[in-house]
Amino acid sequence: MVIVLLRWFAGALALLSVTGCAGGNSFRDDSHYATLGPRTGYYIVRPGSSLSHQLGIEAAPTIDTADPLRHGRGADALAFRFDRAGVLSAPPAYIVQATPNDFYTRRISSLIRGRSTARDVQAFFGRPQSTETRSDGFIAYYAIEVYNSSEDHSGGGRR
């Protein structure tokens with residue numbers, strides 16, 4: 001009886017460790033900083049990554065395209081951190097699930113940390129969908145609607 005329980009326990013432990021590894025490997029975290037100049041550049045961040053936690057942008061309005069009820073539709077986000085005067089105080093962050101859109105990377109790469117203002121950002125992207133007040137300023141979030149056909153299992157494709 002003890003041998004049977006030990007075998008069962010060993011099998012369950014092996015299954016749990018394999019399952020844990022599979023889940024960890026399926027999340028591709030290639031978050032990084034793209035340097036363009038001394039005060040220009042931006043972060044490419046995967047939702048839920050350690051970099052998103054480090055930057056404090058967990059409140060970004062992303063929607064997972066893998067949600068089966070959304071049929072491949074979701075939202076990436078842009079995050080801009082401003083000081084109390086409304087000046088960009090940190091590099092922008094593009095929170096992206098798949099491939100970054102060139103349209104957005106070009107626009108955020110033109111912003112200069114310490115010089116660009118909230119009005120400059122609004123000129124590119126309009127009013128933010130949400131803002132988060134911080135002790136040193138605020139973060140403005142912009143949602144970007146995205147569609148991932150490989151996550152659309154409805155059979156209908158894009159309508």
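This report describes the fold, the sheet, the packed helices and the aromatic residues of a predicted model.

**Overall architecture**

The protein contains four helices and six strands. Along the sequence these elements follow the pattern α-β-β-α-β-β-α-α-β-β. Of its 159 residues, 33% count as buried. The exposed surface amounts to about 9900 Å², and carbon and sulfur atoms supply 56% of that area. Among contacts with a separation of 6 or more, 55% are between residues 24 or more positions apart.

**The sheet**

The six strands form an open sheet with mixed pairing, in the order 1-2-4-3-6-5. Strand 1 (32-35) and strand 5 stand at the edges with a single partner strand each, so one side of each is left without a neighbour in the sheet. From one strand to the next, the twist averages 20 degrees.

At one edge, strand 1 runs antiparallel to strand 2 and is joined to it by four bridges. Here His32 stands opposite Ile44 of strand 2. At the other edge, strand 5 (residues 130-134) pairs with strand 6 in the antiparallel sense over five bridges. Strand 5 and strand 6 form a hairpin, with two residues between them. Ser130 has Tyr141 in strand 6 as its bridge partner.

The two edge pairings are set out below.

| Strand pair | Sense | Bridges | Opposed residues |
|---|---|---|---|
| Strand 1 and strand 2 | antiparallel | four | His32 and Ile44 |
| Strand 5 and strand 6 | antiparallel | five | Ser130 and Tyr141 |

**Helices on the sheet**

Helix 3 packs on the sheet, where it touches strand 2, strand 3, strand 4 (93-95) and strand 6. The direction of helix 3 makes about 140 degrees with that of strand 2. Helix 4 lies across strand 3 and strand 6, and runs at about 160 degrees to strand 3.

**Nonpolar cores**

In soluble globular proteins, nonpolar side chains tend to be buried together. The largest nonpolar core in this model has 18 residues, and Leu78, Phe80, Tyr94 and Phe125 have the most contacts inside it. Strand 2 (41-45), strand 3, helix 3 (102-109), helix 4 (118-125) and strand 6 each supply at least two residues of this core. A second, separate core has 12 residues, including Val45, Ala77, Ile95 and Ile139.

Tyr94 illustrates the packing around one residue of the largest core. Leaving aside residues up to four places away in sequence, Tyr94 touches a set of residues that includes Tyr43, Ile44, Val45, Leu78, Tyr104, Ile108 and Ile144.

**Aromatic residues**

There are 10 aromatic pairs in the model. In one of them, the ring centres of Phe80 and Tyr142 are 5.7 Å apart and the planes stand at 85 degrees, so the pair is edge-to-face. Phe80 lies in strand 3 (residues 73-83) and Tyr142 in strand 6 (residues 137-147), so this pair ties together parts that are 62 residues apart in sequence. Phe80 counts as buried at 0% relative accessibility, and Tyr142 is also buried, with a relative accessible area of 3%.

Both residues belong to one aromatic cluster, which is formed by Phe80, Phe82, Tyr94, Phe103, Tyr104, Phe124, Phe125, Phe138 and Tyr142. Of these residues, Phe80, Tyr94 and Phe125 are also among those with the most contacts inside the largest nonpolar core.

Conventions:
Residues are numbered from 1 along each chain as its sequence is written. This is a predicted model: local features need pLDDT of at least 70, side-chain atom pairs count only at pLDDT 80 or more; totals for chains, interfaces and linings use all residues. Side-chain values use heavy atoms; hydrogens and water are left out. Rings of Phe, Tyr and Trp (its six-membered ring) pair if their centres lie within 6.5 Å; planes under 30 degrees apart count as stacked, over 60 as edge-to-face and the rest as tilted. Buried means under 20% relative accessible area, exposed over 50%, partly exposed in between (1.4 Å probe, protein chains only). Two strands pair if DSSP finds at least two bridges between them. A nonpolar core is a set of buried Ala, Val, Leu, Ile, Met, Phe, Trp, Tyr and Cys residues joined through side-chain atoms within 4.5 Å. Contact means heavy atoms within 4.5 Å. Axes are lines fitted to C-alpha atoms, for helices over the stretch in contact, and angles run from 0 to 180 degrees between N-to-C directions. Accessible areas come from the Shrake-Rupley method with a 1.4 Å probe; for residues, only the protein chains shown count as cover.
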